[in-house]
Structures are given as structure tokens and as C-alpha cells.
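Reader: I would love a close look at one part of this model. Could you take me through a helix and the sheet it packs on, and then the core they share in?

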Amino acid sequence: MSTGMSPAWSEYVTNVLIESGYVSRAAIVGSDGRRWAASPTLELSSTEVKAIANGFVEPNSLRLDGISLCGKLYTCTRMDSVVMVGREGASGSGCIVYRCRNSLVIGVYEDGVHPGGCYNMICKVGDYLREHGL
């Protein structure tokens, strides 16, 4: 599998994550901040991606300041070496980030969507990428 923008990555985002009904917006990005694929309404900056990737190594800043996605701040409610979970208290929306070897799978769910469904879908795709060395 190749890295970088490709129709295959877009299919994962659209056909697997978005069409599940559990993930409102999603992206697969390189740990370096490059976007491999993203839903049209998820505009991540490379600075945000790099901060998230660095947060897996040094989590204190994300735990204190939160997870920034598309300029929106999510409180980091859970984090380990592979998955971080964020919640936006006012709206009930949240985010899940799965750390693979060279990439991140990022999903956002909106209020009214079961967070566990989004978590499971992001982890499913993340597990697959991780198993394939990405």
C-alpha cells in the first residue's frame, strides 16, 4: 500500500468510516502532518496533526490544553500509547485518534451519535493500518 493521497485512502474514509453512521468526519494523515485522505468537512492543519502526534510521545500538553481539531478544542478524557479520546462538553461531540506506525486515523462524532460506535470504527481501521505497518 502506498502512502500519501490516494483513492484507496479516500475509500476507507468514506466507505468504512463515514458510511458506518458512527463517524461524522474523518481523516487518515501521516504523522508528519500530510493528509492522506479526509472527509470534505474535516480541515485539519499540519500544526494540529503534529501536535496530536507529539502528544502521544509527550502527553502533558494535550492533557492540560486539550486536543485541537479544525480549530475546535476537545478535552482529552482518555489517552494511552495508541488511542486518545476527546470530548467537547458544550455540544456533546467528540473525537477519537488512533496512532498507527506512520499515520493517524482521526474521527469526529457529533452530538446524538454513540461515542463507542465511533471509537470502534476508528480502532478497526487503525488496527488494520497498524497490522500492515502503516
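Author: Happy to; what follows starts with the sheet, moves to helix α4 and the cores, and ends at one buried arginine. Please keep in mind that this is a predicted model.

The sheet is open and has seven strands, in the order β2-β1-β7-β6-β5-β4-β3, with antiparallel pairing. Its edges are β2 (35-38) and β3 (67-69), each of which pairs on one side only. From one strand to the next the twist averages 25°. For a pair to look at in detail, try β5 (residues 83-88) and β6 (residues 93-99), which are joined in the antiparallel sense over six bridges. There you will find Arg87 opposite Gly94 in β6.

Now to your helix. Helix α4, residues 115-131, packs on the sheet and touches β1, β4, β5, β6 and β7. Its direction makes about 165° with that of β7. The length of α4 is as it should be, because 17 residues at 1.5 Å a residue should span 24 Å, and the end C-alpha atoms are indeed 24 Å apart. Its buried residues are Gly117, Cys118, Met121, Ile122, Cys123, Val125, Gly126 and Leu129. Just after the helix, Gly133 has a positive phi of about 75°. The sheet also carries helix α2 (residues 46-57), which lies across β1, β3, β4, β5, β6 and β7 and runs at about 155° to β3.

In soluble globular proteins, nonpolar side chains tend to be buried together. Here the largest nonpolar core has 24 residues, and Trp9, Leu17, Ile28, Tyr98, Val105, Ile122 and Leu129 have the most contacts inside it. Two or more residues come from each of α1 (7-17), β1, β2, β5, β6, β7 and α4. Your helix α4 gives the largest share, six residues. Val105 is a good place to see the pieces meet: beyond its sequence neighbours within four places, its contacts include Leu17, Ile28, Tyr98, Ile122, Val125 and Leu129. Apart from this core lies another, of 19 residues, with Ala27, Val29, Met84 and Cys95 among them.

One last stop is Arg25, in strand β1. Arg25 has 15% relative accessibility and therefore counts as buried. Leaving out residues up to four places away in sequence, it touches residues including Ile18, Leu42, Tyr74, Ile106, Val108 and Glu110. Thr41 is another of its contacts, and the side chain of Arg25 reaches the backbone oxygen of Thr41 at 3.3 Å.

Conventions. Residues are numbered from 1 along each chain as its sequence is written. This is a predicted model: local features need pLDDT of at least 70, side-chain atom pairs count only at pLDDT 80 or more; totals for chains, interfaces and linings use all residues. Side-chain values use heavy atoms; hydrogens and water are left out. Two strands pair if DSSP finds at least two bridges between them. Helices (H or I, at least four residues) and strands (E, at least two) are DSSP runs, numbered from the N terminus. Axes are lines fitted to C-alpha atoms, for helices over the stretch in contact, and angles run from 0 to 180 degrees between N-to-C directions. Contact means heavy atoms within 4.5 Å. The expected span of a helix is 1.5 Å times one less than its number of residues. Buried means under 20% relative accessible area, exposed over 50%, partly exposed in between (1.4 Å probe, protein chains only). A nonpolar core is a set of buried Ala, Val, Leu, Ile, Met, Phe, Trp, Tyr and Cys residues joined through side-chain atoms within 4.5 Å. A polar contact is a pair of N or O atoms within 3.5 Å; within protein, one must be able to donate a hydrogen and the other to accept it, and residues adjacent in sequence count only if both atoms are side-chain atoms.
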